[in-house]
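Work through the exercises below with the structure open beside you. Try each task before reading its solution.

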Amino acid sequence: MSVASETTAKPGAGHGPARRWTLPRWLREPNPILVKELRSMFRTKRFVRFLYVSTGLVGMLVISLGGGLAASAFTPAQAGRAVYQTFFSAALGLLCLVAPAYAATSLTGEKEAGTYESLILTGIDPARIVWGKFLASFAVFGLVVVALSPLVGLAFLFGGISPGHVVFGFAGLAVVLAPAVALGVAVSARVRSTRVALLAALASFPPASMVGASMLALLGKPAGSAWGLTMEGPFWFAEALATQFFHPDVFLLVVLLPLYLSGMSVWFFLATAIAGVRPAAEDRSTLFKWWTLAALAGLVAMIAGFTGFAGRADAAEVSVALTMASLGPILLFALIFMNEPPLPPREAPSERGSRWRRHLRGLFGPGAVPTVRFAALAIAAAAFGGALSAMAGREALFPGLSEGGRTDIALVSVGLGNVAVGLFALTFGAYVRVVLRSGMAARILTLVLLFVLVALPLLVSLVVDPEGLDRMDESLPWGLLVTPIAHLFVGGAVINDSTSRFHEIAVPLVLYGALALLFWVLLEARVRRVRGVVERQRALQERRGERRAEAAEPDAGGEP
Amino acid sequence: MIRVEGVSHHFGQLQVLHDVWFHVPAGEVFGFIGPNGAGKTTTLRMMATLLEPAEGRVLVDGYDVSERPADVRRVLGFMPDGFGVYDNLTVTEYLEFFAASYGIGPEARLRTVRAVMELTDLGPLEDRLVQAMSKGMKQRLAIARTLLHDPKVLVLDEPANGLDPRARIEMRDLIAQLRQLGKTIVLSSHILTELSDMVTSVAILERGRMLATGPVGDIGEKLRPERVVRLRLADYPEGCDRPLRDLPAVTHVERGPDGDLRVGYRGKEEVVAQIVRAAVQAELSVLRVEPERDDLEQIFLEVTKGELQ
Ligand SMILES: Nc1ncnc2c1ncn2[C@@H]1O[C@H](COP(=O)(O)OP(=O)(O)OP(=O)(O)O)[C@@H](O)[C@H]1O
Ligand SMILES: [Mg+2]
């Protein structure tokens with residue numbers, strides 16, 4: 001109403017004036033959610049009981065194993081390492097199982113107790129709620145790990161490990177714990193009931209982490225032979241870190257890469273949670289846009305880096321393979337950004353910021369069309385950043401390896417194909433979202449459509465011409481050529497074969513490019529229509545109010 | 001202060017509100033009454049920005065709840081029915097937590113919490129764990145929480161629900177006190193006696209339709225144009241009712257079960273004076289004049305059909 005309230009109005013950002021985050025302020029005004037969570041945590045018996053039980057279980061496991069090994073033919077050093085691996089694997093298992101489940105109840109608990117809405121109504125920034133819940137759960141399990149830590153002392157009794165092993169073992173736990181807790185919080189923000197949240201958390205993170213841990217254990221072999229490691233089991237990396245932290249390969253692959261992946265997952269899950277806490281009418285996509293920029297940088301760096309790592313003999317193929325694989329992140333971007341309401345949030349803080357920032361917000365900010373615009377650029381950047389960085393990485397390390405330009409043609413055609421398919425998925429999904437008004441429906445329909453587009457032509461071409469697939473190196477069957485993965489086959493073929501296959505590059509490109517354009521145009525038309533309807537409704541409401549006021553005037557009831 | 005303009009709402013197929021209009025002027029204590037399922041909570045949640053009206057609009061202090069929810073939240077305190085509290089905190093911790101969530105800085109926080117505790121008489125309980133408090137005290141705590149950011153408007157859903165008579169009287173005093181502080185208060189109930197002595201104006205809702213709205217005094221008149229005054233006379237001579245019947249405002253006169261004359265009339269209270277004057281002029285010996293009880297309960301029972309939804 002008044003000028004003062006216009007300027008202090010900020011959606012979801014507390015009622016005080018906006019202030020910058022600084023460490024002293026944070027210490028003076030810690031996140032209220034975090035403080036409250038920790039406070040009530042230590043007052044519940046359940047938590048104390050959980051501490052007892054978990055230390056008891058892990059302790060029994062480690063001590064019985066240690067006792068058994070001590071009596072066996074193992075050398076003390078071997079036994080020490082076995083105890084070490086057992087302790088950390090058990091701790092990891094415990095965290096992977098319990099931490100996401102615990103975090104998954106953090107917001108649903110408030111929803112069920114009826115405190116959630118009161119909290120939202122305080123106007124506290126959803127990001128602070130989510131951070132508070134995340135940090136609290138993280139701290140709780142940090143405490144569990146601390147309570148467990150004396151058990152690792154048993155490994156020291158046997159020897160064979162250094163303090164460095166232990167420190168990096170705990171660091172490894174933290175790198176896994178953070179996404180585990182963040183996933184739990186994200187689930188918690190998105191569902192209503194604790195039961196569903198628990199099920200979702202238990203069905204997602206523990207199985208995924210089991211797969212991850214076994215892959216990690218498998219990687220131990222090649223890593224062991226490359227870096228001369230002696231330790232077996234999933235925590236081999238602690239030895240690599242303890243003995244050769246600053247070896248470039250170790251630093252990149254065992255320090256930077258896991259930190260980046262863990263950090264990106266935490267960021268993604270927390271952004272999901274924040275978007276879940278925000279009301280639907282507010283801006284939920286900007287967080288993901290920042291995340292996407294960081295993901296793009298990482299993607300480009302990884303493609304260039306791994307191409308460089310590959311060694312002369314494989315560099316060409318690895319670069320093409322990685323560019324193909326970037327279709328994964330591209331489809332992820334499409335899936336993220338297809339769920340955007342047609343109009344920007346009504347409370348968009350468009351009055352604030354410099355002119356240039358307002359302009360940027362208009363181009364790429366909230367709302368279906370700007371978001372699709374942003375995602376389209378991100379998709380192009382992922383496709384070409386990948387392809388170009390692969391070329392550059394290869395050229396820098398192994399000059400003259402492009403084999404008559406064939407690899408480069410393959411890279412460019414794969415990149416173009418990725419762009420076309422990614423844009424198609426994006427614009428199709430965004431259009432469906434706006435028509436059906438459901439992000440869930442848009443995502444499911446898009447995935448189903450992509451699946452059908454891959455499976456159906458493949459089946460048909462198999463039935464029509466069973467031998468066609470065998471001749472793929474000469475020419476791609478027409479059926480395959482219209483699938484959204486055709487460009488991957490073509491790219492693979494180009495690299496093995498010098499004949500010109502331009503029509504095979506062009507057909508999927510033109511097909512999906514045209515479809516993407518079509519849905520983009522449809523989307524823009526639809527958004528215009530929605531805007532018209534909303535404006536008409538608003539005018540109608542004004543008129544109804546005025547008419548009512550006129551009608552009420554004569555008897556003048558109730559108004560002082 | 002609050003305008004509800006042509007609001008309709010449905011949950012799936014179920015139409016819950018039908019074109020509801022009303023206005024709560026600043027400084028009123030506004031009672032929102034209706035049987036279970038009438039749509040009271042739905043309407044109040046719209047005021048509190050927790051629900052967007054499917055049709056029509058709700059303005060609080062001039063802000064549209066669906067367009068500027070953050071501004072509405074700044075001027076409005078909402079206590080939901082069946083509110084939850086954090087059991088493991090003490091009263092002070094609980095209020096400090098919410099004060100911090102409202103963005104009240106550490107310097108002002110303790111002061112605010114103390115002021116609010118004093119207002120709601122929670123001071124003696126400051127170190128009590130919430131889980132060890134009675135229902136009435138929790139209700140107070142929930143109201144205290146809504147006061148932390150000094151809102152202009154308080155929206156309380158069933159504030160007197162489940163309170164014993166004493167706690168209810170204390171609640172009434174608290175609401176009167178809040179009104180004196182200049183707050184506009186909207187409260188809902190389906191038990192009319194809970195409200196009748198707290199509110200200045202009411203709206204009656206049934207099955208999502210507004211039956212009546214206005215100041216407590218007027219609404220009886222509006223809903224039940226005819227009122228009754230009972231006259232007790234020393235004796236009742238034949239034809240004693242005739243002079244009263246002749247008055248233009250009087251609609252009927254009859255003998256009640258206890259022998260009193262029940263005089264039905266239309267219009268304002270002044271008519272009662274006319275009736276008494278007419279009785280005295282006719283030399284009837286009037287012992288007692290008593291308006292028939294005309295409280296909200298009575299009105300409510302008459303205008304609603306008492307069907308649950
Ligand atoms: N989230 C919801 N989903 C579906 N139906 C709902 C929902 N909330 C309320 N309703 C229905 O809307 C109608 C009005 O509910 P509302 O809670 O507003 O009534 P009320 O007047 O507050 O009743 P009570 O006195 O019982 O609190 C009821 O029939 C109820 O079943
Ligand atoms: Mg209700």
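**Exercise 1. Find the order of the strands in the six-stranded open sheet of chain B, and say which strands stand at its edges.**

Solution. Keep in mind that this is a predicted model.

Step 1. Trace the sheet across its 6 strands. The order is E6-E7-E8-E3-E9-E10 in chain B. The pairing is mixed.

Step 2. Look at the two ends of that order. Strand E6 (76–79) and strand E10 (209–215) of chain B each have a single partner strand, so one side of each is left without a neighbour in the sheet.

Step 3. Follow the turn of the sheet. From one strand to the next, the twist averages 15 degrees.

**Exercise 2. Determine in which sense E7 and E8 of chain B pair, and which helices lie across this sheet.**

Solution.

Step 1. Take strand E7 (residues 153–156) and strand E8 (residues 184–189) of chain B. They are parallel and share 4 bridges.

Step 2. Pick out one bridge. B:Val155 has B:Val186 in E8(B) as its partner.

Step 3. Add helix H5 (residues 135–147) of chain B. H5 lies across E6 and E7 of chain B. Its direction is at about 160 degrees to E6(B).

Step 4. Add helix H6 (residues 165–180) of chain B. H6 lies across strand E3 (29–33), E7 and E8 of chain B. Its direction is at about 155 degrees to E8(B).

**Exercise 3. Describe the surroundings of ligand 1: which residues are closest, and which elements supply the shell?**

Solution.

Step 1. List the neighbours. Ligand 1 is surrounded by 13 residues. The closest are B:Asn36, B:Gly37, B:Lys40, B:Thr41 and B:Thr42.

Step 2. Sort the shell by class. It holds 5 nonpolar, 6 polar and 2 charged residues.

Step 3. Check the polar distances. A polar side-chain atom of B:Thr41 is 2.5 Å from an oxygen atom of ligand 1. For B:Lys40, an N or O atom of the side chain is 2.7 Å from a ligand oxygen. At B:Ala38 a polar backbone atom is involved, 3.1 Å from an oxygen atom of the ligand.

Step 4. Work out the cover. Ligand 1 exposes 630 Å² when taken alone. The protein buries 62% of that.

Step 5. Assign the shell to elements. Strand E2 (14–24) and helix H1 (40–47) of chain B are the elements that give two or more residues. H1(B) gives the most, with 3 residues.

**Exercise 4. Follow E2(B) away from the ligand and describe how E1(B) pairs with it.**

Solution.

Step 1. Take strand E1 (residues 2–11) of chain B. E1(B) and E2(B) are antiparallel, with 7 bridges.

Step 2. Pick out one bridge. B:Val7 is matched with B:Val20 in E2(B).

Step 3. Look at the hairpin. There are 2 residues between the strands. B:Gly12 takes a positive phi near 60 degrees there.

**Exercise 5. Map the four-stranded open sheet of chain B and place the helix that packs on it.**

Solution.

Step 1. Trace the order, which is E12-E13-E11-E14 in chain B. The pairing is antiparallel.

Step 2. Find the edges. Strand E12 (250–255) and strand E14 (286–291) of chain B have a single partner strand each, so each has one side without a neighbour in the sheet. The twist averages 20 degrees from one strand to the next.

Step 3. Go through the pairs.
- E12(B) and strand E13 (residues 261–266) of chain B are joined by 5 bridges. B:Val253 is opposite B:Val263 in E13(B).
- E11(B) and E13(B) are joined by 6 bridges. One bridge partner of B:Arg230 is B:Arg262 in E13(B).
- E11(B) and E14(B) share 5 bridges. B:Val229 is opposite B:Pro291 in E14(B).

Step 4. Place helix H10 (residues 270–281) of chain B. H10 touches strand E11 (226–233), E12, E13 and E14 of chain B. Its direction makes about 135 degrees with that of E13(B).

Conventions: Residues are numbered from 1 along each chain as its sequence is written. Chains are lettered from A and ligands numbered from 1 in the order in which they are written. This is a predicted model: local features need pLDDT of at least 70, side-chain atom pairs count only at pLDDT 80 or more; totals for chains, interfaces and linings use all residues. Side-chain values use heavy atoms; hydrogens and water are left out. Two strands pair if DSSP finds at least two bridges between them. Axes are lines fitted to C-alpha atoms, for helices over the stretch in contact, and angles run from 0 to 180 degrees between N-to-C directions. Contact means heavy atoms within 4.5 Å. A residue is near a molecule or strand if one of its heavy atoms lies within 4 Å of it. A polar contact is a pair of N or O atoms within 3.5 Å; within protein, one must be able to donate a hydrogen and the other to accept it, and residues adjacent in sequence count only if both atoms are side-chain atoms. Accessible areas come from the Shrake-Rupley method with a 1.4 Å probe; for residues, only the protein chains shown count as cover. Ala, Val, Leu, Ile, Met, Phe, Trp, Tyr, Cys and Pro count as nonpolar, Asp, Glu, Lys and Arg as charged, and the others, Gly among them, as polar.
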